[in-house]
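Q: I am new to this structure and should be grateful for a close look at a single part of it. Please begin with the overall layout of that part and then proceed to individual positions.

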Amino acid sequence: MLVGVCEDDPGIRSVVAQALSFAGHDVVTAHRGSEALTRLGRDSGVSVIVMDIGLPDSDGRDVVQALRSAGQPAPVIFLTALTDVHHRISSFHAGGDDHLGKPFDVRELIVRVEALGRRMSSPPLPAPAGLGNLSIDPTAHAISTGDDEVLLSPTEFRVLAAIASRPGEVVRRASVVAAAWSDGALVTDNTLDSFIRRVRRKLDEVGATVGIETVRGVGYRIR
């Protein structure tokens with residue numbers, strides 16, 4: 001397999017890359033979220049992504065949601081020193097498929113990577129509906145269309161990313177809340193509606209050709 005590794009610690013990145021190579025896999029590496037977006041995207045050919053959460057320029061969970069919104073279906077293993085249940089849950093809500101706390105045994109990581117790779121050995125998924133002219137930048141918490149860019153708050157970004165990471169699909173309100181707020185947070189319907197309106201205004205402001213559609217009684221989708 002071709003495995004993508006995004007880890008800012010050069011020692012860990014080197015050990016993981018060498019171990020994957022010794023196990024017979026090809027490896028492409030990145031050390032920042034911005035680099036991961038260009039090196040681990042849909043057309044990169046990676047079968048599995050190993051993603052550090054604590055990157056120097058972004059949160060790895062935001063990077064994965066941006067990759068998902070750009071059509072990257074590869075399964076993701078998150079690496080993090082934050083191993084409490086709230087962070088583990090947030091990893092899965094952000095589009096992760098597995099979670100491994102630091103420090104970890106590299107042999108276990110290899111086994112988990114290969115297990116996810118076998119799960120993805122079925123025919124590739126069709127291309128997603130797409131986001132039109134909209135680009136999502138997790139390093140700046142911004143959206144852009146060409147030369148126009150608008151900044152989002154962290155919560156606004158995660159609300160949009162939760163919906164945009166599944167283009168064309170209806171994302172339930174509970175899933176948006178789980179991705180945008182910490183586990184256990186009390187978020188009313190009015191609060192979510194308010195953030196949806198704010199994100200819609202910013203999509204209009206930047207001239208996006210897609211918007212957030214409300215599916216009454218269910219949730220939202222990007223169209």
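How far apart do the end C-alpha atoms of residues 2-117 lie, and what percentages of the span are helix and strand?

A: The end C-alpha atoms of residues 2-117 are 10 Å apart, and the span is 44% helix and 21% strand. Helices (H or I, at least four residues) and strands (E, at least two) are DSSP runs, numbered from the N terminus. The model is predicted, so that local features need pLDDT of at least 70 and side-chain atom pairs count only at pLDDT 80 or more, while totals for chains, interfaces and linings use all residues. Residues are numbered from 1 along each chain as its sequence is written, and side-chain values use heavy atoms, with hydrogens and water left out.

The span itself comes from a record: in an unreviewed entry, UniProt lists residues 2-117 as "domain: Response regulatory". The same kind of source marks one position, Asp 52, with the feature "modified residue: 4-aspartylphosphate", again from an unreviewed entry. UniProt positions follow the numbering used here, feature names are shortened, and annotations may be inferred rather than shown by experiment.

Asp 52 belongs to strand E3, which covers residues 48-52. With a relative accessible area of 2%, Asp 52 is buried. Here buried stands for under 20% relative accessible area, exposed for over 50%, and partly exposed for values in between, with a 1.4 Å probe and protein chains only. Contact means heavy atoms within 4.5 Å. Leaving out residues up to four places away in sequence, Asp 52 touches Cys 6, Glu 7, Asp 8, Gly 60, Leu 79, Thr 80 and Lys 102.

Two of these partners, Glu 7 and Lys 102, also meet each other through a polar contact of 3.0 Å between their side chains. A polar contact is a pair of N or O atoms within 3.5 Å; within protein, one must be able to donate a hydrogen and the other to accept it, and residues adjacent in sequence count only if both atoms are side-chain atoms. Glu 7 sits in the loop between strand E1 (2-6) and helix H1 (10-22). Although it lies in a loop, Glu 7 is buried, at a relative accessible area of 1%. Apart from neighbours within four places in sequence, Glu 7 is in contact with Ile 12, Arg 13, Ala 30, His 31, Asp 52, Leu 79 and Lys 102.

Another contact of Asp 52, Gly 60, leads to helix H3, where Gly 60 is among the buried residues. H3 is mostly covered, with 10 of its 10 residues buried. Besides Gly 60, the buried residues of H3 are Arg 61, Asp 62, Val 63, Val 64, Gln 65, Ala 66, Leu 67, Arg 68 and Ser 69. After H3 comes Gly 71, whose phi is positive, near 95°.

Gln 72 lies in the loop that runs between helix H3 (60-69) and strand E4 (76-80). Its relative accessibility is 3%, so Gln 72 counts as buried. A polar atom of the Gln 72 side chain lies 2.9 Å from the backbone oxygen of Leu 40. Neighbours within four places in sequence aside, Gln 72 is in contact with Leu 40, Gly 41, Arg 42, Ser 44, Val 46, Ile 49 and Leu 67. Among these, Leu 67 is a buried residue of H3, and the contact thus links the loop residue Gln 72 to that helix.

His 87 completes the survey of this part; it is placed in helix H4, residues 85-93. Asp 52, Glu 7 and Gln 72 are described above as buried, whereas His 87 is partly exposed, with a relative accessible area of 23%. Its contacts, without neighbours within four places in sequence, are Arg 61, Leu 82 and His 99. One of these, Arg 61, is a buried residue of H3. The C-alpha atoms of His 87 and Leu 100 are separated by 11 Å, and the two residues are 13 places apart along the chain.

To recapitulate, Asp 52 in strand E3 touches Glu 7 and Lys 102, and the side chains of Glu 7 and Lys 102 are themselves joined by a polar contact. Asp 52 also touches Gly 60, Gln 72 is in contact with Leu 67, and His 87 is in contact with Arg 61; Gly 60, Leu 67 and Arg 61 are buried residues in H3.
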